[in-house]
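Work through these exercises with the structure open beside you. Try each task before you read its solution.

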Amino acid sequence: MNDLCFSPADILEFTWDKYQRKVSRLNHPVVIAWGLTEACDLNCIHCAVEAGKPAKDELSTEDALKAIDNMAEAGTRHLLMAGGEPLLRKDIFILAEYASKSISVGINTNGFSLNRSVAQRLKDAGVNQMRISLDGAKSKTHDRIRGKGSFEKAVSAIETCVGLGFPDVGIEATIFSLNYDELPDMLKLASDLGVGVFEAGDLAPIGRAKKLAHLCLSKEQRGEMLRFLAEMQETLPTLIITSELPHIFIVNKDMQNTCIDPYSKDVSLGCGAGIVEAGLTVDGKIVPCPLGLQVEIGDIKRDRLKDIWANSPLLKRLQSREVTGKCGRCEYQYACGGCRGAAAMAGDPMGEDPGCWYEPALE
């Protein structure tokens with residue numbers, strides 16, 4: 001319950017008003033997550049894209065540079081280069097430097113190939129955000145998930161990026177049954193390493209992880225994890241502790257107190273798929289979300305992203321937040337909205353999120 005003690009009806013009304021005003025002003029993507037390649041130097045058991053060898057239809061350097069121009073023209077604010085492993089693209093420094101002239105650039109890496117020389121070149125190229133994957137507080141757990149020796153490499157990569165003074169260094173962790181109990185120690189490790197952000201994600205049962213659906217968190221564990229993250233934010237104030245899951249709003253009192261208050265300018269939009277962010281596949285397909293909602297709404301080689309953002313029927317539906325089921329009768333419909341990727345995997349991108357534990361208080 002929020003400290004301001006608004007009723008569920010008030011919460012819905014106030015957040016609806018803020019949501020409508022904010023979305024009406026968003027005529028451009030804020031973040032594009034770009035899977036640059038399917039090549040990877042690890043063989044993670046939970047990889048959503050089954051990375052290993054490069055895909056045959058990955059964008060050439062010329063096409064990738066044109067795609068960056070396309071994203072910049074659309075008003076994209078931040079470009080997160082991911083994979084596979086983006087550092088395995090031979091033109092990664094060319095692409096990063098070119099993009100950084102018009103867009104904020106981040107790199108999402110497993111850290112295996114991120115030595116000091118590579119990190120320095122990325123920093124010199126204008127990369128301002130580094131996200132390193134870490135799926136355990138100890139090598140036994142992380143290496144079981146990502147491969148022998150990967151924990152030591154990831155920790156070294158984090159230390160290198162922190163030491164070089166990248167403006168934004170963070171850890172991305174995929175939480176599921178194999179590492180759920182280590183979450184407290186993972187947060188302590190993140191704090192000890194001096195990163196600025198710890199982001200806990202959910203296991204998406206796609207790609208290689210299709211066989212691991214039985215290891216996904218239960219609804220109750222998901223709620224428990226998010227409550228714990230919210231509590232730890234008070235304990236570790238110098239570390240931004242967050243989650244890609246929009247439900248964190250439901251349990252974070254600080255977020256609620258500012259974002260629900262009609263006199264505060266703070267807004268929570270919840271799930272950003274198709275609202276503030278989108279994905280770009282290795283072959284240039286534009287999708288609302290690279291995890292779960294991988295419905296093609298355009299092709300970066302053929303279409304102007306600016307036009308797709310303005311005219312896509314699916315994006316308009318997502319931006320309307322006219323969701324159904326439990327999400328559609330929840331007081332947090334406009335501040336959370338449920339994970340649209342999870343809903344899509346269940347059969348309807350506008351349906352209820354099957355992974356949410358919360359029972360709406362609205363009658």
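**Exercise 1: A strand and its partner**

In β2, Ala82 is the bridge partner of Gly35. The model you are looking at is predicted.

Task: In which sense do β1 and β2 pair, and over how many bridges?

Solution.
- Step 1. Locate the strands. β1 covers residues 31–35, and β2 covers residues 78–82.
- Step 2. Read the pairing. β1 and β2 pair in the parallel sense, over 5 bridges.
- Step 3. Check the cover on β1. Of its 5 residues, 4 are buried, so the strand is mostly covered.

**Exercise 2: One residue in β8**

Task: Is Ala278 buried or exposed? Which residues does Ala278 contact, leaving aside its neighbours within four places in sequence?

Solution.
- Step 1. Place the residue. Ala278 lies in strand β8, which spans residues 277–280.
- Step 2. Apply the cut-off. Buried means under 20% relative accessible area. Ala278 has 3% relative accessibility, so Ala278 counts as buried.
- Step 3. List the contacts. Beyond those close sequence neighbours, Ala278 touches Val31, Ile32, Ala33, Val287, Pro288 and Trp309.
- Step 4. Add a distance. From C-alpha to C-alpha, Ala278 and Phe151 are 30 Å apart in space. In sequence, 127 residues separate Ala278 and Phe151.

**Exercise 3: α2 against α3**

Two packed helices are described by the angle between their axes and the distance between the axes.

Task: How do the axes of α2 and α3 cross, and which residues meet?

Solution.
- Step 1. Take the geometry. The axes of α2 (residues 61–73) and α3 (residues 92–100) come within 10 Å and cross at roughly 20°.
- Step 2. Name the arrangement. Angles under 35 degrees count as roughly parallel. Therefore α2 is roughly parallel to α3.
- Step 3. Give the handedness. The crossing of α2 past α3 is right-handed.
- Step 4. Find the contact. From α2 come Thr61, Ala64, Leu65, Ile68 and Asp69; from α3 come Ile94, Leu95, Tyr98 and Ala99.
- Step 5. Sort by class. This contact has 7 nonpolar, 1 polar and 1 charged residues.

**Exercise 4: α7 against α8**

Task: At what angle do the axes of α7 and α8 cross, and which handedness does the crossing have?

Solution.
- Step 1. Take the geometry. The axes of α7 (residues 183–193) and α8 (residues 219–235) cross at roughly 35° and come within 11 Å.
- Step 2. Give the handedness. α7 passes α8 in a right-handed crossing.
- Step 3. Find the contact. Leu183, Pro184 and Leu187 of α7 meet Met225, Phe228, Leu229 and Met232 of α8.
- Step 4. Sort by class. The α7 and α8 contact has 7 nonpolar residues, no polar and no charged.

Notes. Residues are numbered from 1 along each chain as its sequence is written. This is a predicted model: local features need pLDDT of at least 70, side-chain atom pairs count only at pLDDT 80 or more; totals for chains, interfaces and linings use all residues. Side-chain values use heavy atoms; hydrogens and water are left out. Axes are lines fitted to C-alpha atoms, for helices over the stretch in contact, and angles run from 0 to 180 degrees between N-to-C directions. Helices (H or I, at least four residues) and strands (E, at least two) are DSSP runs, numbered from the N terminus. Angles under 35 degrees count as roughly parallel, over 145 as roughly antiparallel, 65 to 115 as roughly perpendicular and the rest as oblique. A crossing is left-handed if the near helix is turned anticlockwise from the far one by less than a right angle, and right-handed if clockwise. Contact means heavy atoms within 4.5 Å. Ala, Val, Leu, Ile, Met, Phe, Trp, Tyr, Cys and Pro count as nonpolar, Asp, Glu, Lys and Arg as charged, and the others, Gly among them, as polar. Buried means under 20% relative accessible area, exposed over 50%, partly exposed in between (1.4 Å probe, protein chains only). Two strands pair if DSSP finds at least two bridges between them.
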